[in-house]
Amino acid sequence: MYRFLKLLYIFIILLNNFSNNIYPSEAPKDKLTYEEKEWLKKHPNIRLGFSSTWEPFLILNPDGSFSGIYPSILKELNLRLQTNISIELSPWKEILEKAKVKKVDGILALHPDNAKLYDLLSTRPFLSNYPTVFSRKGAIIKKIEDLKGKKVSIIKGALFAENLLKQYEGKVSVIKCIDARNALDMVFEGKTDAMVGLSSHNYEITKSKLFGIEPIYVAWDKPFNSVMGIRSDWPELASIINKGLDSFTEDEINRYVNKWINLPLTLQKLLLSDDEWNWVKKNNVIRVGVDPDREPLEFIDDGNLKGISINYLEHIEKLIGRVSFKFVTGSRSDLIKLSKEKKIDIFSCISKTQKKEDYLIFTTTYLKIPVGIFAGEGVTFVGNLNNLSGKKVIVVEGYGIDDLIEKENPKIKIVLAKSNKEALNYLIKGNAFAFVGGILPISHIITHLGYTQIKFVGETNYFNNHTIGIRKELPILKDILQKALNTISENERDEIYKNWVSTTYKYPFDYTYIWKIGLGTLILIAVFIIWNNFLWQEIKRRKKIEEALALAKKKAESANIAKSLFLSNVSHELRTPLNSILGYSQIMQNDPSLNESLKNNLSIIIRSGEHLLSLINEVLDIAKIETGKISIYKATFDFYMLLNDIENIFRVRTNAKDLTFIIEKHGELPRYLISDEVKLRQCLINLLGNAIKFTDKGTIIFRIFAGKKENNIIEIIFEVEDSGIGINEGDIERIFRPFEQIVAANKAEGGSGLGLTITREFALLMGGNVFVKSKHYIGSTFILNIYAEIGKIENIKTYRKILAIKKGQILPKILVVDDKDDNRKILSSFLISLGFIVKEALNGKEAIYEYKSWRPDLIFMDMKMPVMDGYESIKTIRFMPEGANIPIIAISASAFKEDLEKILAAGANDFIIKPFKKDDIFMIIGKFLNIEYDYEEQVNRENSYESEIDDIFEGLILLSDENLEKLKEAILTLDKKNCISCIENFRHIIGGTADDIIILIEKYQFDTIDNLINKIKSKRQKKL
């Protein structure tokens, strides 16, 4: 119970704002003079005016509230100063007039020169915006000079942009636009090569889904500063606000900015001084002290240093670009000794304390971890440090916790340990009553090393504020590292943190909220924990709460068991009929009486069935609470074949609804890609499926673009445009939420509401994202992009078709055990077709009888059967004579890891998951019985498409010049019906080639036919 409470408590506390310090700095309100405090009492409500036209600095929400960079800073400023400064919104001219006549108390943000112009007092600058060049991805523009000879859009009246381009007057064609969106649209539509704006316009790109536009250059040396303008008769307010602004670190301001603007890391720049750059050149190796006993903060794995602090240093190394870190490992006390001996330069992860300030200086905190109380068996609940008075408490030497406890709780008897693991071992041995340490690293050790007797028993008011510690005689290095830390964006910090914390605690992908009762239970547990923290001394009440928690946990566990059973049954019920569909399709493929057309249709059924199977696998994987994250499996695949499969699937569906289906391919698309084919296929099917679902008439256009290519990585962009019902603007974000469907969608057709959620998740895994542009009742365009490596044909995993058992081998006897007739017959047919000797059994009891009397060489055993299931049958056979040696292959419709582990634990040698492929069956028999096979010769896939085109060429060459000209005229009309009619007129001449050409026409590949006609004409002219 306490283990569960401990992890839940950690989860709640880590989600809090880690703003508390071990040594909190003096609050800004405490720095105010007596006169300033009295002034605030007389002026409790202060209004600053602003305009709503400058996102993301200020955004007016539909409910009338404000969000954005300025409101975020103002909210924090009010907290620090204990003031009530509010925002009054009006058009810009009106706000300026109000400021002049003091109807507002100032302006929230403006340029310092404008403050003087309107007779306002300026606060110190608190935010900077920078001139930035935006262009399409892949543009060869790396600096301002590269704009020479190009068309550039700017905002009309933007003096900073005009001044930046003034030096290239006459060499750059400038087009002035009404606003940032208009200027960016010019770039997006290809009317200009670039836009010169401000770094804040990166928000407009994200907001407007201007796919393919990105910031490519930032003029860091030309900041566009913002100050607050305060009415001239209130100098007290200007002074008060300045004191509040002084309390903000550069890192904090950057976090507010990066949340909304978030420039790419490649554009973020360290503004180092000349002295700092010179120091870097002379000291390009920095020695770093690392304590490897602090997983996941920093630790050694397979000989390599890893962890949160190491990731931060890796970012800093990239940002500076001219330094490398040399790591020295040891316990905290040993590293402190080395630092004093000047054998290391910095600590990667250290808390600031008064003692350490004698020999170290520190950056700002980059990670804050709460400190908790842990105890062994026999200790139920401690609550807080006050209850440890007179008891032995272990702390790790050098972390600073011992200093705090000595100062604030002198009656606690401190026992020093050199590491977290040593401290926990002391605790297990009973050398102390409790251990006080960082919740994150200690809980990680408890969870991963199986110290189940250790539990979380109380909280403290302390936080480990992790900084980079630098030797005191290296202040210039401290400034460099601080600037580098400030440059790491909020998103990048979140990614680092989530990467290690999600790995440590395995928090599941959050689909649990669909279980409303489960959510309510968690909230109830959280409330109970808070009661425990404040009312721990009320023993009787606490016991009642513990009983309630035990009951809640039991209910939650019952819900989890019910859910797992449900998913397991869903898996079984879906896979069993799918096994029959795929099984009989594979059997029919070998029927010699089938013509090529029917064989092709069977191939489509099999590929579609296999894709349905992959969808079942993926949805079940997402649904598993235990997983916590979805993996990506990269392999080389035939991109053209994937697109062809997609077209075949959706051509049928669009024809059924009488929709026009157009496929457009742009740029040089590679034939082979290295990525997750299953996830990409599912993304495309989800997007095209939605387009068809919500379109009753008109056109579906599927566009594929070859995007930016760098080294061997290429961006592939997919657009799915429909003329369907469209989406309300307010519903656009909702459609990506799991199990959400918009009202209009529900009127059109049902569904689970998971498709777009899965699509976005998979797109992110493949390095891209999904965007949507839509107008209600006009249509929607979904844009998906991914990044993939360009592959080669030789890297494609090929599975040659097994034709027969090699001659000269003894044919094995195979027993097939399954209660379902279809499943038995499919598997038996596979085996008999290759020459195996087969017997069947209907349940586990019959399997035991057949084993005794027939002695098969291998058994395929279904696990769910009446009379006696596979588990019991396998266990019985294993205790029979020679039963321990016979290979038993389990057949299961469950893909759940726990079920498969249970199967192997029952004594099966291996398993096959329904629906199974014929060759998979043969390969597993070969593995256990050493059977060798004859295989079909490998087909050259590279030339298959080319050979089809060659066949069409040979057919068209039979047409006369006059008939070729008629066909060309029909092709140039781009009228599908007209083209097909023309081809039918020539069928008596070209025979079966007519069908191949009609397929090209159906695919709108008019250019391919036209090229073939031109090729024939050219060939004939050369002969003349």
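**Exercise 1. A parallel pair of strands**

Starting from Ile891, whose bridge partner in E38 is Ile912, work out how the two strands pair and how the side chains of strand E38 are arranged.

*Solution.* The model is a predicted one, and each step below is read from its coordinates. First, place the bridge in its setting: strand E37, residues 888-892, pairs with E38 in the parallel sense, and the pairing runs over four bridges. Second, follow the side chains along strand E38, which spans residues 910-913. Asp910 and Ile912 point to one face and are buried, whereas Phe911 and Ile913 point to the other face and are not buried. Third, bring the two steps together: Ile912, the bridge partner of Ile891, is thus one of the buried residues of the alternating pattern.

**Exercise 2. The edges of an open sheet**

Determine which strands stand at the edges of the open sheet with the order E15-E16-E17, and explain what this leaves on one side of each.

*Solution.* Begin with the general principle that strands of a sheet pair through backbone hydrogen bonds, in either a parallel or an antiparallel manner. The sheet in question is open, holds three strands in the order E15-E16-E17, and has antiparallel pairing. Strand E15 (293-294) and strand E17 (304-306) each have a single partner strand, so they stand at the edges and one side of each is left without a neighbour in the sheet. To check one of the pairings, take E15 and strand E16, residues 298-301, which are joined in the antiparallel sense over two bridges. At residue level, Asp293 has Phe299 of E16 as its bridge partner.

**Exercise 3. Two helices that pack together**

Decide whether helices H32 and H33 run roughly parallel or antiparallel to each other, and list the residues that make their contact.

*Solution.* Take the geometry first: the axes of helix H32 (residues 961-972) and helix H33 (residues 976-985) come within 8 Å of each other and cross at roughly 165°. An angle over 145 degrees counts as roughly antiparallel, and H32 and H33 are therefore roughly antiparallel to each other. The crossing in which H32 passes H33 is left-handed. On the H32 side the contact is made by Lys966, Leu967, Ala970 and Ile971, and on the H33 side by Asn978, Cys979, Cys982 and Ile983.

**Exercise 4. Buried or exposed?**

Classify Ser351, Ala847 and Lys709 as buried or exposed, and describe the surroundings of each residue.

*Solution.* The cut-offs needed are under 20% relative accessible area for buried and over 50% for exposed.

- Ser351 belongs to strand E19, residues 346-351, and its relative accessible area is 4%, so it is buried. When neighbours within four places in sequence are set aside, Ser351 contacts Lys356, Phe362, Tyr399, Asn464, Asn465 and His466.
- Ala847 sits in helix H27, residues 844-854, and because its relative accessibility is 0%, it counts as buried. With neighbours within four places again left out, Ala847 is in contact with Leu815, Val817, Ala841, Met861 and Ser873. The C-alpha atoms of Ala847 and Leu815 are separated by 7.8 Å, although the two residues are 32 residues apart along the chain.
- Lys709 is part of strand E29, residues 699-710, and its relative accessible area is 54%, so it is exposed. Not counting residues up to four places away in sequence, Lys709 touches Ile714 and Ile790. Its C-alpha atom is separated by 9.5 Å from that of Glu789, 80 residues apart from Lys709 along the chain.

**Exercise 5. Positive phi in loops**

Find where Lys342 and Asn930 are located, and state how accessible each of them is.

*Solution.* As background, most residues other than glycine have a negative phi. Lys342 has a positive phi near 60° without being a glycine; the residue lies in the loop between helix H13 (332-340) and E19, and its relative accessible area of 48% makes it partly exposed. Asn930, also not a glycine, has a positive phi of about 55°. Its place is the loop between helix H30 (918-929) and strand E39 (933-935), and at 64% relative accessibility Asn930 counts as exposed.

**Exercise 6. The chain as a whole**

Summarise the secondary structure, burial and contacts of the protein chain.

*Solution.* The chain contains 36 helices and 39 strands. Of its 1024 residues, 49% are buried. Among contacts with a separation of 6 or more, 74% join residues 24 or more positions apart. The accessible surface amounts to about 49,800 Å², and carbon and sulfur atoms account for 52% of it.

Methods:
Residues numbered from 1 in each chain as written. Predicted model: local features only at pLDDT ≥ 70, side-chain atom pairs only at ≥ 80, totals over all residues. Heavy atoms only, no water. Buried < 20%, exposed > 50% of the residue type's maximum accessible area, 1.4 Å probe, protein only. Contact = heavy atoms within 4.5 Å. Pairing = 2+ DSSP bridges. Areas by Shrake-Rupley, 256 points an atom, 1.4 Å probe, with all protein chains shown as cover. Axes fitted to C-alpha atoms, helices over the stretch in contact; angles between N-to-C directions. Parallel < 35°, antiparallel > 145°, perpendicular 65-115°, else oblique. Left-handed = near helix turned anticlockwise from the far one by under 90°.
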